[in-house]
Amino acid sequence: MTGTEHLSTERHGATLVLTLNRPEAKNAFSIPMLVGLHDAWLEADADDDIRSVVLTGAGGAFCAGMDLKALARGGFSEDDAYRARLKADPDLHWKAMLRHYRPRKPVIAAVEGVCVAGGTEVLQATDIRVAAESASFGLFEVRRGLFPVGGSTVRLQHQIPRTHALEMLLTGRRYSAAEARDIGLVGSVVPDGTALKRALELAEAVNQAAPLAVEAVKRSVYETADLGEQAGLARELEIGWPIFATEDAEEGPRAFAEHRAPVYRRH
């Protein structure tokens, strides 16, 4: 296992597992964590051997968002090297939180314990979401006199019914995993301690599919989300039709006809 301070990275076959690693603070964001996340997203997209990413947290928690205790003390005191990275790229923290960056590889969230405030905001940038039964969610910012600037006022209303989005945003209340599933914030709920196992199973299913097709499908879903039907269908064709000219598009039907597993080469 490798990574930077407060973030661990590990390869499981073609899946890159990113583990937020500040369990003593329920994995609240720190500058080293954000720098590590930023670099990990770029690594995943640059490495063709990585076909999916799983994001999880250490110590039975996903992420408690901003470190309010550190904020009350006047900020963080991490090593100057990390601060230098932020100074060199003022947008780095937004890319790390996936506000200003969308990985081309599918990202699967494995949530145990608390996933609140900035944790719920990062969650909205993931593609597939698994939660443990005792996981909890919420956007508490208004209760602290803050604003959820990680993208929630824009994204949430497109991911769950607007009335549920506004209830979550305006009340700042805590949601159970069952409630999160019922309103569509997460896709599935599993027994405690098994969220990562289930996320890795889903990642492996993604990994078995043709990577060019997978990435094109994800791209099309996001790029057509705010388009009308006619414009959306036109864009879908622009993204999807070139996939049929790939070698992988020949390999899939051939493997099916030959009753064998396909071998996709990203060509």
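How many bridges join β6 to β8? Keep that in mind as you open the viewer; what you have on screen is a predicted model.

**Stop 1: the open sheet**

Select β6 (114-116) and β9 (175-176), then add β8 (136-138). Together they make an open sheet of 3 strands in the order β6-β8-β9, and the pairing is mixed. The edges are β6 and β9, each of which pairs on one side only. Now for the opening question: 3 bridges join β6 to β8, and these two strands run parallel. To see one pair up close, click on cysteine 115, then look across to β8, where its bridge partner is phenylalanine 137.

**Stop 2: out to the positive patch**

Stay with β8 and follow the chain into the loop that leads from β8 to α6 (152-159); arginine 143 lies there. Show its side chain along with those of Lys26, Arg144 and Arg174: with Arg143, they form a positive patch on the surface.

**Stop 3: a buried strand**

Next, select residues 15-20, which are strand β3. Is this strand buried or exposed? Here 6 of the 6 residues are buried, so β3 is largely enclosed by the rest of the structure. Turn on the side chains and check both faces. Thr15, Val17 and Thr19 sit on one side, Leu16, Leu18 and Leu20 on the other, and all of them are buried.

**Stop 4: the neighbours of β3**

Keep β3 displayed and add strand β2, residues 7-12. The two strands pair in the antiparallel sense over 6 bridges. They form a hairpin with 2 residues between them, and glycine 13 in the turn has a positive phi of about 65°.

Then bring in strand β4, residues 52-57. Its pairing with β3 also runs over 6 bridges, but in the parallel sense.

Leucine 18 is a handy place to centre the view. Threonine 9 stands opposite this leucine, and leucine 18 also stands opposite leucine 55 in β4.

**Stop 5: a nonpolar patch**

For the last stop, find α11 (229-240) and α12 (247-257) and pick out the loop between them, which holds tryptophan 241. Where β3 was buried, this tryptophan is exposed, with a relative accessible area of 57%. Add Leu237 and Phe244 to the selection and switch to a surface view. With Trp241, they form a nonpolar patch on the surface, and the three together have about 410 Å² of accessible area.

Definitions and conventions: Residues are numbered from 1 along each chain as its sequence is written. This is a predicted model: local features need pLDDT of at least 70, side-chain atom pairs count only at pLDDT 80 or more; totals for chains, interfaces and linings use all residues. Side-chain values use heavy atoms; hydrogens and water are left out. Patches are made of residues with over 30% relative accessible area and no salt bridge: like charges are joined within 9 Å, nonpolar side chains (Val, Leu, Ile, Met, Phe, Trp, Tyr) within 5 Å. Accessible areas come from the Shrake-Rupley method with a 1.4 Å probe; for residues, only the protein chains shown count as cover. A salt bridge is a side-chain nitrogen of Lys or Arg within 4 Å of a carboxyl oxygen of Asp or Glu. Lys and Arg count as positive and Asp and Glu as negative; His and the chain ends are not counted. The place of a charge is taken as NZ of Lys, CZ of Arg, CG of Asp or CD of Glu. Helices (H or I, at least four residues) and strands (E, at least two) are DSSP runs, numbered from the N terminus. Two strands pair if DSSP finds at least two bridges between them. Buried means under 20% relative accessible area, exposed over 50%, partly exposed in between (1.4 Å probe, protein chains only).
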